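Could you show me around this structure? I have it open in a viewer and would like to know what to select next.

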Amino acid sequence: MSGFDPASLSVMVVDDTKLMRDVALAYLRRYGIGHCSAYADGQEAMEALANAARPVDLILLDLNMPVMDGIEVLRHLAARHFQGQLALISGENPRLLRTAETLARAHELNIIGVVEKPLTGAKMDALLAHLKPGQRQAAPVLPLLPVSESDLLDALRAGDISIAVQPKISLRERSVVGVEALARWLHPSRGIIPPSDFVPIAETGSAAEPLFDAVLEQALAALVRWHRQGHRLQMAINISAADLTRLKLPDQVASAVARHGLVAEDLLLEVTESRLIQDLAPALEVVTRLRLKGFGLSIDDFGTGYSSLEQLQRIPFDELKIDRRFVTGAAADPSARAIMASSIRLARSLGIGTVAEGIESQEDWDCALRLGCDVVQGYLIAPPMAADDFPAWLSAWK
């Protein structure tokens, strides 16, 4: 628990077995956790969470409970945008536990571990070692009002959309080879609005173009600053389904890059494989022209759509990005590890690089290294950070 004052932490135990609650609370108090609470079912816990007087840093959650089970709790936590950390503790079989973990990640919850019962001191040691400084809920969890396309367009005009960046690391050299730019929305009254709430809105309406343009401009400006400081890196940004229908996009991107004094090789465009099949002809024209102009192309979330192999045959990608669901925890999950290994072999046979996203533990790092992955990205290395904070982080990494 490096970086934490245990006495300042708040941990919630949700389990229908009194013995389990008592054991967990005893371990937590032994570690000096200052604020511990326990609940016998999910509904009781959700009510307590919504009315909590202080932020909750960690929830230890059982799966099989009456009234509201752990799977339902995951859905409610996601709907309320819970920003604390989460660990699943259950006596269910390992495959069901892994499925629940996959569901938690699909909900974009910050899950730090899965523990099979019985809970022991060694298991609690390993779990608490994954607690990350700063990963805590900023305010009591309450449902957010939905945002509209009009809200997003207003935010773009007001400059409320910024970028966060996440480093990409060469596995063998342990050097930083690039960063990915991610859109972030800081609403003046609602606080941080997660990308899962506004990116789908942009992809289906008129906000797609201004959102892409805002991210591109900020990403290129950051890249120029870093280059002047001696950090020669490649910036990756995402292309939405709507962007792939903009036939002028390759010329616009090329113009923006030239205006900033950069070259095409400085930019990598990440295309989610499923988006390519929605409007095939214009999408193929856009990505092919981007490649002709010298921009790097990455196939993102590889393995999550039925057309993966077909897209690799159609388009000259430079990079294959393995989806986090096949990376996080792959060391202990034979199925995920097999998919990850086959993706790496496929990329190698096609002469393209591989990126494993979702590296959240040393075990994830070691597994990616053993399988021959080229580049990794994830919370073990660094969470997404403000672009202005990146140079200091880079110096510390070096």
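Is phenylalanine 212 buried or exposed? Select that residue to begin, bearing in mind that this is a predicted model. Phenylalanine 212 counts as buried because its relative accessibility is 4%, under the 20% cut-off. You will find phenylalanine 212 in helix H8, which covers residues 208-228. Now show its contacts: beyond residues up to four places away in sequence, phenylalanine 212 touches Ile237, Asn238, Ile239, Asp243, Arg246, Leu249 and Val253.

Keep Asp243 and Arg246 on screen and add Glu209 and Asp213: these four are linked in a network of salt bridges. A search of the whole structure finds 21 salt bridges, so let's visit a few.

Stay with helix H8 and pick arginine 225, whose side chain meets that of aspartate 388 in a salt bridge at 3.3 Å, N to O. Aspartate 388 sits in the loop between strand S15 and helix H14, 163 residues apart from arginine 225. Arginine 225 is partly exposed at 34% relative accessibility, while aspartate 388 is exposed at 60%.

Next, select aspartate 251 and arginine 289, a salt bridge with its closest N and O atoms 2.9 Å apart. This pair links helix H9 to helix H10.

For the last stop, choose glutamate 357 and arginine 324, which form a salt bridge at 3.8 Å, N to O. Glutamate 357 lies in strand S13, and arginine 324 in the loop between strand S12 and helix H12. Color by accessibility here: glutamate 357 is buried at 7%, whereas arginine 324 is partly exposed at 31%.

Definitions and conventions
Residues are numbered from 1 along each chain as its sequence is written. This is a predicted model: local features need pLDDT of at least 70, side-chain atom pairs count only at pLDDT 80 or more; totals for chains, interfaces and linings use all residues. Side-chain values use heavy atoms; hydrogens and water are left out. Helices (H or I, at least four residues) and strands (E, at least two) are DSSP runs, numbered from the N terminus. Buried means under 20% relative accessible area, exposed over 50%, partly exposed in between (1.4 Å probe, protein chains only). Contact means heavy atoms within 4.5 Å.
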